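Me: I've just opened this one and don't know my way around. Can you walk me through it?

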Amino acid sequence: MVVKLGGSLAGSTELKAWLEVLNHAGRGRAVIVPGGGPFADQVRRAQRDLGFDDVTAHHLAILAMEQFGRVLAALSPGLILADSRRAIEQALAGGEVALWLPVPMTLGRPEIAASWDVTSDSLAAWLAGAIGVRRLVLVKAAAPPETPVAAGELVRRGLVDTAFPGFLAASGAEACCLGPSQSDWLRIALQGDGVPVGKILCRGS
């Protein structure tokens, strides 16, 4: 399972609970994709103030994901940093939780536009497809949908980036969205019982 841990959870009281679930129920099962959090926010501010191009901003935003990822690893030392498919597979085979560092696998990929239209949500869906994982969970600080919802509707609600529906459809993964206080649902999902809330439909609208 790929679990995108939103950067919006940085500094929240719920972050510890999510890390505890992942570090226990997720061993050998979970790959964490970190959001950019305050580090990506700084990139946005810097681009606005300094006026550099989107290609540079895209590179810096992916580095921001790695920064937040390293913070998560410092907060939860059992997580294994992984920057390649092989490293991810080795961590999972060893009964560990992989924490993805995206720079080596994503920069320069022709299918990944260097644009703010592609954020960590889309990259999480891309990774699920790239490593053949069929389940994707997006963890958000915002309240998730209570009933199944199309990926395009999540775009309209501002919960995911505009490229996400396409990446999700291409990944072939089953996806759901969870809110900040729903870490117990992730525990259930990691135990193989599915997630009965927040399902994201692959159709675009």
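Reply: Sure. One term for the pocket: Ala, Val, Leu, Ile, Met, Phe, Trp, Tyr, Cys and Pro count as nonpolar, Asp, Glu, Lys and Arg as charged, and the others, Gly among them, as polar. The model is predicted, so local features need pLDDT of at least 70 and side-chain atom pairs 80 or more, while totals for chains, interfaces and linings use all residues. Numbering starts from 1 along each chain, and side-chain values use heavy atoms, without hydrogens or water.

Me: How does the lining of the largest pocket divide up?

Reply: It has 13 nonpolar, 11 polar and 7 charged residues. A pocket is an open set of points on a 1 Å grid over the protein atoms alone, where a 1.4 Å probe fits, with protein on both sides within 12 Å along at least five of seven lines; lining residues have an atom within 4 Å of a point.

Me: Which residues lie nearest its centre?

Reply: Of the 31 lining residues, Lys4, Gly36, Arg44, Thr119 and Ser120. Elements giving two or more residues to the lining are α2 (37–50), α3 and α6, and α3 has the largest share, 6 residues. Helices are DSSP runs (H or I, at least four residues).

Me: What about His58, buried or exposed?

Reply: Buried, because its relative accessible area is 9%, and the cut-off is under 20% (1.4 Å probe, protein chains only). His58 sits in helix α3, residues 54–75. Leaving out residues up to four places away in sequence, His58 touches Leu107, Ile112, Ala113, Ala114, Ser115 and Val118, where contact means heavy atoms within 4.5 Å.

Me: And what does Leu127 touch?

Reply: Val2, Val31, Val33, Ile88, Trp100 and Met105, again not counting residues up to four places away in sequence.

Terms used:
Buried < 20%, exposed > 50% of the residue type's maximum accessible area, 1.4 Å probe, protein only.
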